[in-house]
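Please open the model in your viewer and keep the selection box handy. We will take a short walk through it, one selection at a time.

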Amino acid sequence: MKELDPLLHSQLRLAVMSILMNVDEADFSYLKEKTESTSGNLSVQLDKLATAGYIYIEKGFAGKKPRTTCRVTETGRHAFAQYVDALKTYLNL
């Protein structure tokens, strides 16, 4: 059996990566709404994904409001694909 990536095995990090795999980018508010997470928890998990090189975080402003945007990196795409392949071995697919 293939080993599951412990970084992606977290429910919230897996949810974030699943969302980001299907969009060009997503802002913090969108991810918070879709994952039903708290701001603090989401922020911590995004930092973990960014530190691993799985996502890129860009901070800026939309008018006077701060805006944080996230995108999955090629490293993240590869890690996610490997995670899905490993999961399939557990499911016998």
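## Stop 1: a salt bridge between two strands

Start by selecting Arg 67 and Asp 27, whose side chains meet in a salt bridge with an N to O distance of 3.8 Å. Arg 67 belongs to strand β3 and Asp 27 to strand β1, so this pair ties together parts that lie 40 residues apart in sequence. Do colour by confidence if you like, since this is a predicted model. Show the surface next: Arg 67 is partly exposed, with a relative accessible area of 36%, and Asp 27 is also partly exposed, at 23%.

## Stop 2: the strands themselves

Now switch to cartoon and select residues 26-27 and 65-72. These are strands β1 and β3, which pair in the antiparallel sense over two bridges. Which residue of β3 stands opposite Asp 27? Thr 69 does.

Add residues 55-62, which make up strand β2. Here β2 and β3 pair in the antiparallel sense over eight bridges. To find your place in the ladder, pick Ile 57: its bridge partner in β3 is Cys 70. Then follow the chain round the turn, where β2 and β3 form a hairpin with two residues between them. Click on Gly 63 in that turn to see a positive phi of about 70 degrees.

## Stop 3: a charged network

Stay with β3 and select Arg 71 together with Glu 25. The two form a salt bridge, their closest N and O atoms being 3.4 Å apart. This pair links distant parts of the chain, 46 residues apart: Arg 71 is in strand β3, while Glu 25 sits in the loop between α1 (11-20) and β1. Are these residues buried or exposed? Both fall in between: Arg 71 is partly exposed at 30% relative accessible area, and Glu 25 is partly exposed at 37%.

Add Glu 58 to the selection, and you have a network of salt bridges linking Glu 25, Glu 58 and Arg 71.

## Stop 4: along helix α4

Move on to residues 74-91, helix α4. Select Arg 77 and Glu 74, whose side chains meet in a salt bridge at 4.0 Å, N to O. Why is there about one helical turn between them? Arg 77 and Glu 74 are three residues apart in helix α4, so about one turn separates them. An α-helix has 3.6 residues a turn, so residues three or four places apart point the same way. On the surface view, Glu 74 is exposed, with a relative accessible area of 63%, whereas Arg 77 is partly exposed at 29%. With this pair in view, you may like to know that a search of the whole structure finds four salt bridges.

Still in α4, select Leu 87, which is partly exposed at 32% relative accessibility. Add Met 1, Tyr 90 and Leu 91: with Leu 87 they make a nonpolar surface patch of about 440 Å².

## Stop 5: the buried side of α1

For the last stop, hide the surface and select Leu 12, Arg 13, Val 16, Met 17, Ile 19 and Leu 20, the buried residues of α1. They cover an arc of only 160 degrees around the axis, which puts them on the same side of α1. What do the buried residues of α1 pack against? Show their surroundings and you will find β1, α2 (28-35), α3 (39-51), β2, β3 and α4.

Notes: Residues are numbered from 1 along each chain as its sequence is written. This is a predicted model: local features need pLDDT of at least 70, side-chain atom pairs count only at pLDDT 80 or more; totals for chains, interfaces and linings use all residues. Side-chain values use heavy atoms; hydrogens and water are left out. Patches are made of residues with over 30% relative accessible area and no salt bridge: like charges are joined within 9 Å, nonpolar side chains (Val, Leu, Ile, Met, Phe, Trp, Tyr) within 5 Å. Accessible areas come from the Shrake-Rupley method with a 1.4 Å probe; for residues, only the protein chains shown count as cover. Helices (H or I, at least four residues) and strands (E, at least two) are DSSP runs, numbered from the N terminus. Buried means under 20% relative accessible area, exposed over 50%, partly exposed in between (1.4 Å probe, protein chains only). Two strands pair if DSSP finds at least two bridges between them. The arc is that of the directions from the helix axis to the C-beta atoms. Contact means heavy atoms within 4.5 Å.
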